[in-house]
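Open the model in your viewer, choose a display that lets you select single residues, and follow the stops below in order.

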Amino acid sequence: MIKLKKHLNYTVLILLMISTFWVIFSKLELNSFSAVLKRSDPWYLIGGIICMMVFWAIEAGILDILLKRVHPKTKFWTALKITLVGQYYSFLTPFASGGQPAQLYELHKDNIPLTSGTAVLVSKFILFQVTVTIYSLVLTMLKVHMIIGDLRAASTFVFAGLFINTIGLTVIIIIIFNSDKMKRIVEKIILWLHNIHLIKKPDKHIIRITKFIDEYDRCLQNYKDDGALTLGLFLATVIQLTAFFSVTFFVYKALGLSGATIYHIITLQALLYIAIAFIPSPGTVGAAEAGFAMLLKAVFSTNLITVALLLWRFISYYFGLIVCGLFTLYLYTFERRSQRRIEME
């Protein structure tokens, strides 16, 4: 069943890639595309790639700090390893759902108990979701006139994404201050869904979600008890997000454009992330490209938007897919060889 699901994800991803590139290249003149690429500044494109590496490095650094809290002897290599493996499987699965199970597997191989590994990954997930929601909400409030005016066509998707993230943030806040109240709310919702025949075995769902809330509560209390560490990790995540959202600015400069500020482009990129984060396609393939064309068309001229889209998507997604995929392949190949040597001895 797991292998079937894995093959299905690969198949969907490949089909989405093929259809997306077919749409893009059907509207692209290859001669003009080649000419634009030759004129682009490679140093700015390298700057965009460095932004992605900064994103991964900060991710690994935060995981290293969280891991050392439960296992002080943990090496940075473990954090870097689960970062790149997690990124690879997140790129391949809807809602990035494959990342955490793969990371838990790697942590288990490094003799870190399942409970400790789960606590670390849940803590990291909470930190990222809270930060990206606050980050995007602040930018939205500062640029709400732009969303309502210039981005009217995309405003529905942006506000829908913000709404979903805000609900998630609200749930986290309730858990921090009154987890029992959150359990009661969830229990009422599940019983209501059962009464209208949308779910069966409500007790089973209540027990599962109660355990989930308890796990969240433990992680959140750790953040609450160590305010200095929480603030430091929050600021590190802000820098991490800024690096990721800055990739588009480097693409903008590489194409020789000027006029739009890095703040403006980062705002648009943050809104794009929020708008497509809950699209159920592997790597948000298709949605990311359509959203970019919709939100960034005001920044890139009509004749450059497709080129910019391809460069941005290559750096922010396909570059990571290749690098993290090769790393994961090397890791598993190396581990198999090590296992064979042990068995031969």
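Begin by selecting Q240, which counts as buried because its relative accessibility is 0%, and keep in mind as you look that this is a predicted model. Q240 has its place in helix α10, the helix that covers residues 227–245. If you now show its surroundings, leaving aside residues up to four places away in sequence, you will find that Q240 touches F55, I58, E59, I62, K124 and F128.

Stay in helix α10 and select F234, which is also found there. Is F234 buried or exposed? Neither word fits, because F234 has a relative accessible area of 25% and is therefore partly exposed, given that buried means under 20% and exposed means over 50%. Once residues up to four places away in sequence are set aside, F234 touches L127, T131 and I134. Add V130 to your selection and draw a line from C-alpha to C-alpha: F234 and V130 are 8.7 Å apart in space, although 104 residues separate them in sequence.

For the last stop, turn to the second largest pocket, which holds about 640 Å³ of space. To find its centre, select F125, V171, I172, F212 and Y216, which lie nearest to that centre among the 25 lining residues. The elements that each give two or more residues to this lining are α6 (114–142), α8 (152–195) and α9 (202–225), and the largest share, 10 residues, comes from α8. If you then colour the lining of the second largest pocket by residue type, you should find 17 nonpolar, 6 polar and 2 charged residues.

Key
Residues numbered from 1 in each chain as written. Predicted model: local features only at pLDDT ≥ 70, side-chain atom pairs only at ≥ 80, totals over all residues. Heavy atoms only, no water. Helix = DSSP H or I, 4+ residues; strand = E, 2+ residues; numbered from the N terminus. Buried < 20%, exposed > 50% of the residue type's maximum accessible area, 1.4 Å probe, protein only. Contact = heavy atoms within 4.5 Å. 1 Å grid on protein atoms, 1.4 Å probe; cavity = no way out; pocket = protein on both sides within 12 Å on 5 of 7 lines; lining within 4 Å. Points joined across faces, edges and corners; volume = space filled by probe spheres on them. Nonpolar A, V, L, I, M, F, W, Y, C, P; charged D, E, K, R; others polar.
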